[in-house]
Amino acid sequence: MKIMLALVLLVGLGAPQERPRDGVTLPRVVKSVNPEYTAEAKAQRIQGVVRLDVDVKDDGSVGDVAVAQSLDSMYGLDNEAVKAAKQWRFRPAEKDGKPIAMRIQLEMTFALK
């Protein structure tokens, strides 16, 4: 059984501080961490996408992370996705050349091959 994890950074959502527009650049991934596939989720053959709302702070670290679209709250995949996202690092978004906080959406895809 092969496990495939796909990570997708979606367009910035704006809040908590700014929305992408003229003079505003999106955060860029510096370090990503893959979530763990729990044994229980593997046994149940759960596959799909967890979509997360992630607050990227003005220093590039991750603040609040919330599940926007759940895949599995029973066998731990949602929790594993949140735990992994909190370890990510970014080059922060900028407004007029100055770092700002921004909320982005991140997708983590769990697939068994």
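Contacts between residues 24 or more positions apart make up 78% of the contacts in the chain that have a separation of 6 or more. The model is a predicted one. Its chain has 113 residues, and 41% of them are buried. The accessible surface of the chain is about 6,300 Å², and carbon and sulfur atoms account for 47% of that area.

The secondary structure consists of two helices and nine strands. Read from the N terminus, the order of elements is β-β-β-α-β-β-α-β-β-β-β.

**An open sheet**

Strands E2, E7 and E8 form an open sheet of three strands, in the order E2-E7-E8, with antiparallel pairing. Its edge strands are E2 (24-25) and E8 (98-100), each of which pairs on one side only. Strand E7, residues 93-95, is joined to E8 by three bridges, and the two run antiparallel. Within this pairing, Ala93 has Ile100 of E8 as its bridge partner.

**Helix H2**

Helix H2 covers residues 77-85, and seven of its nine residues are buried, so the helix is largely enclosed by the rest of the structure. The buried residues of H2 are Leu77, Asp78, Glu80, Ala81, Val82, Ala84 and Ala85. They pack against helix H1 (39-43) and against three strands, E4 (48-56), E5 (62-69) and E9.

Within H2, Lys83 and Glu80 form a salt bridge, with their closest N and O atoms 3.2 Å apart. The two residues are three positions apart in the helix, about one turn. An α-helix has 3.6 residues a turn, so residues three or four places apart point the same way. Glu80 counts as buried because its relative accessibility is 14%, under the 20% limit. Lys83, at 47%, counts as partly exposed.

**Salt bridges**

The structure holds three salt bridges. The table gives the residues of each and the N to O distance.

| Salt bridge | N to O distance |
|---|---|
| Glu107 and Arg51 | 2.3 Å |
| Arg103 and Asp55 | 2.7 Å |
| Lys83 and Glu80 | 3.2 Å |

Glu107 forms its salt bridge with Arg51. This pair links distant parts of the chain, as Glu107 lies in strand E9 and Arg51 in strand E4, 56 residues apart. Glu107 is buried, with a relative accessible area of 14%, whereas Arg51 is partly exposed at 24%.

Arg103 and Asp55 meet through their side chains in another salt bridge. Arg103 belongs to strand E9 and Asp55 to strand E4, so this pair ties together parts 48 residues apart in sequence. Asp55 is buried, with a relative accessible area of 11%. Arg103 is partly exposed, and its relative accessible area is 28%.

**Gln105 in strand E9**

Gln105 lies in strand E9, which spans residues 102-112. With a relative accessible area of 16%, Gln105 is buried. Its side chain makes a polar contact of 3.5 Å with the side chain of Arg51. A polar contact also joins the side chains of Gln105 and Asp53, at 3.0 Å. Arg51 thus appears in two of the contacts described here: the polar contact with Gln105 and the salt bridge with Glu107.

How values were computed:
Residues are numbered from 1 along each chain as its sequence is written. This is a predicted model: local features need pLDDT of at least 70, side-chain atom pairs count only at pLDDT 80 or more; totals for chains, interfaces and linings use all residues. Side-chain values use heavy atoms; hydrogens and water are left out. Helices (H or I, at least four residues) and strands (E, at least two) are DSSP runs, numbered from the N terminus. Buried means under 20% relative accessible area, exposed over 50%, partly exposed in between (1.4 Å probe, protein chains only). Contact means heavy atoms within 4.5 Å. Accessible areas come from the Shrake-Rupley method with a 1.4 Å probe; for residues, only the protein chains shown count as cover. Two strands pair if DSSP finds at least two bridges between them. A polar contact is a pair of N or O atoms within 3.5 Å; within protein, one must be able to donate a hydrogen and the other to accept it, and residues adjacent in sequence count only if both atoms are side-chain atoms. A salt bridge is a side-chain nitrogen of Lys or Arg within 4 Å of a carboxyl oxygen of Asp or Glu.
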